[in-house]
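Work through the exercises below with the model open. Try each task before reading its solution.

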Amino acid sequence: MSKRTLKEAFNAVFHDQNAYDDFRSSSLNAEIEQFQINQRTVIRQSKKLKTYLRFINKVLFRHLAKNTAVVHSFIKDKNTLTAVSAHAENKYFFLTDIASFYQNIKKDDVKNILLRDQELIPISDIAEHLDFLSEITTYDDSLPVGYPTSPELSNAFLYDFDCAIKAFCDSESLVYTRYADDIIISGQRFEELSSLKQIVQEALHQHASDLMYLNEQKTLITSLGNKVKILGLVILPNGQITIDKKYKTKLETLLYFYSNDKTKYADYLKHTMDGKERSLFGLLHYANSVDPKYIKKLQRKYGVLTLRSLMEEKLDD
């Protein structure tokens with residue numbers, strides 16, 4: 001793999017002889033705004049900082065190690081559906097997530113990731129920029145939600161954990177997938193999953209960080225016969241994956257009113273989707289991507305033309 005210095009890589013992208021000096025000397029405090037939304041701290045980056053972070057992500061961080069056999073978040077052609085589909089043939093499901101995940105990925109963790117993966121990154125002087133890169137991609141010693149660099153760093157942070165859990169699951173004939181901080185493990189028998197909470201927690205401490213803990217309130221084992229809801233999707237007893245019932249109810253109510261009472265349709269659309277048919281368009285296409293059979297059922301009930309009309313892109317909407 002051909003490597004360049006960070007400055008050479010930067011100049012190849014920005015073509016501005018003064019920009020690199022600005023990049024390396026940016027006053028981060030001046031490029032960040034912190035505010036609260038619903039008691040949640042949000043970090044907003046300036047346009048300039050976001051541009052720099054996207055450069056770092058594209059040129060450096062996309063090369064960081066990640067276990068693509070199990071990770072379904074922030075990877076091309078993978079999503080919640082692929083994460084759940086891997087489990088469709090099993091009967092029992094261990095579900096959990098990691099509490100305060102981004103918040104507990106620290107500046108030193110970013111440094112350690114870059115040190116570990118420096119041979120994968122096509123920057124010849126990466127070791128000289130560890131402090132800078134860990135500083136610009138964190139805020140208040142944590143990985144910020146919303147930074148372009150945070151998803152790749154989060155996947156890289158759990159690389160060793162993912163490999164360890166996959167190896168364990170392979171040895172036990174279990175299936176493991178992860179979507180961001182959501183962990184899904186499935187198998188054919190309850191007994192195979194009964195001790196997973198302790199095993200996964202110990203692996204987090206051993207292969208990620210002592211700060212990482214499973215979310216007790218969201219850790220459970222469920223099985224077919226109950227409502228198996230994972231990442232907003234539902235696995236039916238026959239193994240078919242579909243959308244949640246609440247979305248089906250919304251869709252079928254809207255379609256009924258659309259076919260029978262346009263005034264009630266407009267009122268219900270306003271109540272559930274702020275009056276935007278574009279949102280209904282998105283929901284229909286989401287349902288089609290997850291469960292095409294369900295869309296076929298709606299077509300039979302409400303008519304192909306009705307569904308086609310609502311699923312066509314409306315440029316003036």
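Helices are DSSP runs of H or I with at least four residues, strands are runs of E with at least two, and both are numbered from the N terminus. By that numbering, Asp-77 sits in the loop between helix H3 (47–59) and helix H4 (80–85). The model is predicted.

**Exercise 1. Overall inventory**

Task: State how many helices and strands the protein chain has, what its C-alpha trace spans, and what percentage of its residues count as buried.

Solution.
- Step 1. Count the elements: the chain has 15 helices and nine strands.
- Step 2. Take the extent of the C-alpha trace along its principal axes: about 65 × 55 × 40 Å.
- Step 3. Apply the burial cut-off, under 20% relative accessible area. Of the 317 residues, 44% count as buried.

**Exercise 2. The S1–S2 hairpin**

Task: Describe how strands S1 and S2 pair, then find the salt bridge that Glu-33 forms.

Solution.
- Step 1. Locate the strands: S1 covers residues 32–37 and S2 covers residues 40–45. They run antiparallel, joined by six bridges.
- Step 2. Find a bridge pair: Ile-37 has Arg-40 in S2 as its partner.
- Step 3. Look at the turn. Two residues lie between the strands of this hairpin, and Asn-38 takes a positive phi near 50 degrees.
- Step 4. Turn to the side chains. Glu-33 forms a salt bridge with Arg-44, with the closest N and O atoms 3.3 Å apart. Glu-33 belongs to strand S1 and Arg-44 to strand S2, eleven residues apart.
- Step 5. Check exposure. Glu-33 is partly exposed, with a relative accessible area of 40%. Arg-44 is also partly exposed, at 45% relative accessibility.

**Exercise 3. Strand S5 and its neighbours**

Task: Explain why S5 is largely enclosed by the rest of the structure, and identify residues that stand opposite Ile-183.

Solution.
- Step 1. Start with burial. S5 (residues 182–187) has five buried residues out of six, so the rest of the structure largely encloses this strand.
- Step 2. Take one pairing: strand S3 (residues 92–97) and S5 pair in the antiparallel sense over six bridges. Here Thr-96 stands opposite Ile-183.
- Step 3. Take another pairing: strand S4 (residues 175–179) runs antiparallel to S5, with five bridges between them. Here Arg-178 stands opposite Ile-183.
- Step 4. Inspect the turn from S4 to S5. This hairpin has two residues between the strands, and Ala-180 takes a positive phi near 55 degrees.

**Exercise 4. Salt bridges, buried or exposed**

Task: Give the count of salt bridges, then assign the partners of the Arg-178 and Arg-189 salt bridges to buried, partly exposed or exposed.

Solution.
- Step 1. Use the rule: a side-chain nitrogen of Lys or Arg within 4 Å of a carboxyl oxygen of Asp or Glu. The count comes to 16 salt bridges.
- Step 2. Take Arg-178. Its salt bridge is with Asp-162, the closest N and O atoms being 2.8 Å apart. The pair links strand S4, which holds Arg-178, to helix H8, which holds Asp-162, 16 residues apart.
- Step 3. Classify that pair. Arg-178 is buried, with a relative accessible area of 0%. Asp-162 is buried too, with a relative accessible area of 0%.
- Step 4. Take Arg-189. Its side chain meets that of Glu-191 in a salt bridge (3.7 Å, N to O).
- Step 5. Classify again. Arg-189 is partly exposed at 46% relative accessibility, whereas Glu-191 is exposed at 52%.
- Step 6. Look for a network: salt bridges link Asp-22, Glu-31 and Lys-48.

**Exercise 5. Positive phi in loops**

Task: Give the phi values of Asp-77 and Leu-231, and say how exposed each residue is.

Solution.
- Step 1. Recall the background: most residues other than glycine have a negative phi.
- Step 2. Read Asp-77: its phi is positive, near 70 degrees. At 66% relative accessibility, this residue counts as exposed.
- Step 3. Read Leu-231: its phi is positive, near 55 degrees. Leu-231 lies in the loop between strand S7 (228–230) and strand S8 (233–235). It is partly exposed, with a relative accessible area of 22%.

**Exercise 6. A charged surface patch**

Task: Which residues gather with Lys-301 in a patch of positive charge?

Solution.
- Step 1. List the residues: Lys-296, Lys-297 and Arg-300 join Lys-301 in this surface patch.
- Step 2. Place Lys-301: helix H14 (residues 292–302).
- Step 3. Confirm its exposure: Lys-301 counts as exposed, at 56% relative accessibility.

Conventions. Residues numbered from 1 in each chain as written. Predicted model: local features only at pLDDT ≥ 70, side-chain atom pairs only at ≥ 80, totals over all residues. Heavy atoms only, no water. Buried < 20%, exposed > 50% of the residue type's maximum accessible area, 1.4 Å probe, protein only. Pairing = 2+ DSSP bridges.
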